[in-house]
Amino acid sequence: YAGNPVDESALCAQKRFSKASLAWLAIVLAGSGTVLAATVIPGKDERIVVEFPAAVYEVQRHQMRGYLSPLNTILAHLAQGQHAQAAEVAERELGMSATGKFKGTGLGPGSHMPEGMKRIDDSMHEAGTRLAQEIKAGTEKSAYAALQRVTNACVACHTVYRARAKP
């Protein structure tokens, strides 16, 4: 964030880890209850580049952007006490029910993802299903913990990977 001091010791420690080790750490933490935070440092983008065929890249971008609206809708339903609607959106749009929409078409991003990215993607959808279950159970604290696991996966993936279309 602009104006925040940069922790030089953290930068030095970060440089000691390979991209691969950071990717696996992100995978482990994405599925845990650990809060992930990303610090954006101006300069060279050190994330792992994942190239997708152009049509697949467009599908992948559309899906990533498409996850923001359901998150907002879930929060709105929770704020209004509409738990059944929040749970339904969580499962349909973020949970395991949201996977495989492009299976067999050649446009599915999952078949083009490296293993680490795919595992983070799977953890996000598993967390989405867990979110729906926790909302249905009516335990607010557990529902918010499950929601945090969904966003952990987002933070982990976008911290480690950068998608782009193949030239």
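Here a colleague and a modeller talk through a predicted model of one chain.

Colleague: Happy to look at this with you. What pattern of helices and strands does the chain follow?

Modeller: Along the sequence it reads α-α-β-α-α-α-α-α-β, with seven helices and two strands in the chain. Do keep in mind that this is a predicted model.

Colleague: How do you know that the span of helix H6 agrees with what it should be?

Modeller: H6 covers residues 115-137, which is 23 residues. The expected span is 1.5 Å times one less than the number of residues, so H6 should span 33 Å, and its end C-alpha atoms are indeed 33 Å apart. Just after H6 comes glycine 138, with a positive phi near 80°.

Colleague: And what does the same check give for H7?

Modeller: H7 has 21 residues, and the distance from its first C-alpha to its last is 30 Å, close to the expected 30 Å.

Colleague: Why are H4 and H7 called roughly antiparallel?

Modeller: The axes of H4 (residues 68-79) and H7 (residues 140-160) cross at roughly 170°. Angles over 145 degrees count as roughly antiparallel, so H4 and H7 earn the term. Their axes come within 12 Å.

Colleague: Which residues make that contact?

Modeller: H4 contributes Leu71, Leu75 and Leu78, while H7 contributes Tyr144, Leu147, Val150 and Thr151. Sorted by class, the contact has six nonpolar residues, one polar and no charged ones.

Colleague: What makes a set of residues a nonpolar core, and which members of the largest one touch the most others?

Modeller: The members must be buried residues of the nonpolar kinds, joined through side-chain atoms within 4.5 Å. The largest such core has 30 residues, and Ile74, Leu131 and Ile135 touch the most other members. Strand S1, H3, H4, H5, H6 and H7 each supply at least two residues, and H7 gives the most, with eight.

Colleague: What does isoleucine 135 touch, leaving aside residues up to four places away in sequence?

Modeller: Isoleucine 135 touches Ile74, Leu78, His83, Ala86, Ala87 and Ala143.

Colleague: Which residues of H7 are buried?

Modeller: Buried means under 20% relative accessible area. In H7 the buried residues include Ala143, Ala146, Leu147, Val150, Ala153 and Val160, and also Gln148 and Asn152. Over the whole chain of 167 residues, 34% count as buried.

Colleague: Last one: how many of the contacts between residues at least 6 apart join residues at least 24 apart in sequence?

Modeller: For this chain, 80% of them do.

Technical notes:
Residues numbered from 1 in each chain as written. Predicted model: local features only at pLDDT ≥ 70, side-chain atom pairs only at ≥ 80, totals over all residues. Heavy atoms only, no water. Helix = DSSP H or I, 4+ residues; strand = E, 2+ residues; numbered from the N terminus. Axes fitted to C-alpha atoms, helices over the stretch in contact; angles between N-to-C directions. Parallel < 35°, antiparallel > 145°, perpendicular 65-115°, else oblique. Contact = heavy atoms within 4.5 Å. Nonpolar A, V, L, I, M, F, W, Y, C, P; charged D, E, K, R; others polar. Buried < 20%, exposed > 50% of the residue type's maximum accessible area, 1.4 Å probe, protein only.
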